[in-house]
Structures are given as C-alpha cells and as structure tokens.
Amino acid sequence: MSCGDPHETDCREVLAEVYLYLDLECAEERRTLIRHHLNECGPCLREYGIEQEVKALVARCCGNETAPEQLRERLRVRLTELVVFETSESRELAD
C-alpha cells in the first residue's frame, strides 16, 4: 500500500511494522519514524486505526495471555525478513 506521496519512511515499511510499534517492541528511533509517518499519512493512519482495533479485540478475547518468548522472537525475525524483502524488491523495481 502506498498513498502515492513521498515520505521519509515508505508506507509498506510502516504497515509491516505497525504491530511492533503498537506493542512497543521496536527501537525508539524507529518508533519516532513510524509516528512521524502516521502523523503525515492519512491512508496509513486509517490502516493503523484498523490494526489498533484488531489488537484491542484480540486482547479482550485472550485476556492477559502472552505468547511464549520463542514464538515472539520467531515473529520478530519473520517480520524483519518481510520488511527487508519488500524494501529491496521495491528498490529493484525503481531501478
């Protein structure tokens, strides 16, 4: 997804990391970039709102259960791989 406007941080990167942002699981520097992007990009902000609602619904349904640390780490690695893959793929298309 892209709103078509140029941004410091690409829309796809922001949306790929929105769960890490919501869970406070990314570095503060990255949180600042994502927050800045969401403040200036309406389409991503709307998508973020949807993601936030889904997260709230899951939290209500699952109570205070947390995923095992091994699962959380595997998900972090996989999300990072997806972001890197999409970023390099979009750069190849631009060249």
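A pocket, as I use the word here, is an open set of grid points where a 1.4 Å probe fits, with protein on both sides within 12 Å along at least five of seven lines. With that settled, I opened the model, which is a predicted one, and looked for the largest pocket. Its volume comes to about 600 Å³.

**Entry 1: the pocket lining**

I listed the lining next and got 18 residues; closest to the pocket centre are Asp23, Lys55, Ala67, Arg72 and Leu75. Which helices supply at least two residues each to this lining? I found H2, H4 and helix H5 (69-94). Sorting the lining by class gave me 10 nonpolar, two polar and six charged residues. I also checked the domain assignment: domain 1 (1-64) and domain 2 (67-94) each give at least three residues to the lining of this pocket.

**Entry 2: the overall fold**

I stepped back to the whole chain. I counted five helices and zero strands, so to speak an α-α-α-α-α pattern when read along the sequence. Of the 95 residues in the protein chain, 25% are buried.

**Entry 3: the nonpolar core**

Which residues make up the largest nonpolar core? I noted 11 of them: Cys11, Val14, Leu15, Val18, Tyr21, Leu22, Ile34, Leu38, Cys41, Cys44 and Tyr48. At least two residues of this core come from each of helix H1 (11-16), helix H2 (18-22), helix H3 (28-40) and helix H4 (42-62). H2 and H4 are thus on my list for the core as well as for the pocket lining.

**Entry 4: glutamate 47**

I then picked glutamate 47, which sits in helix H4. Is it buried, partly exposed or exposed? Its relative accessibility is 26%, and because the partly exposed range runs from 20% to 50%, I filed glutamate 47 as partly exposed. I also looked up its distance to leucine 15, a member of the core. The two residues are 32 apart in sequence, and their C-alpha atoms are 7.7 Å apart in space.

**Entry 5: arginine 30**

Arginine 30 belongs to helix H3. What does its side chain contact? I found a polar contact of 3.0 Å with the side chain of glutamate 13, and another of 2.8 Å with the side chain of glutamate 17.

**Entry 6: the loop between H2 and H3**

My last stop was this loop, where I looked at leucine 24 and glutamate 25. Most residues other than glycine have a negative phi. Leucine 24 goes the other way, with a positive phi near 55°. Leucine 24 has 62% relative accessibility, and because that is over 50%, I marked leucine 24 as exposed. Glutamate 25 has 27% relative accessibility, so I put it down as partly exposed. How far is glutamate 25 from arginine 76 in sequence and in space? I read off 51 residues along the sequence and 8.9 Å between the C-alpha atoms of glutamate 25 and arginine 76.

Definitions and conventions: Residues are numbered from 1 along each chain as its sequence is written. This is a predicted model: local features need pLDDT of at least 70, side-chain atom pairs count only at pLDDT 80 or more; totals for chains, interfaces and linings use all residues. Side-chain values use heavy atoms; hydrogens and water are left out. A nonpolar core is a set of buried Ala, Val, Leu, Ile, Met, Phe, Trp, Tyr and Cys residues joined through side-chain atoms within 4.5 Å. Buried means under 20% relative accessible area, exposed over 50%, partly exposed in between (1.4 Å probe, protein chains only). Helices (H or I, at least four residues) and strands (E, at least two) are DSSP runs, numbered from the N terminus. On a 1 Å grid over the protein atoms alone, a cavity is a set of points where a 1.4 Å probe fits but cannot get out, and a pocket is an open set with protein on both sides within 12 Å along at least five of seven lines; lining residues have an atom within 4 Å of a point. Grid points are joined across faces, edges and corners, and a volume is the space filled by probe spheres set on the points. Ala, Val, Leu, Ile, Met, Phe, Trp, Tyr, Cys and Pro count as nonpolar, Asp, Glu, Lys and Arg as charged, and the others, Gly among them, as polar. Domain bounds come from an automatic or database domain assignment. A polar contact is a pair of N or O atoms within 3.5 Å; within protein, one must be able to donate a hydrogen and the other to accept it, and residues adjacent in sequence count only if both atoms are side-chain atoms.
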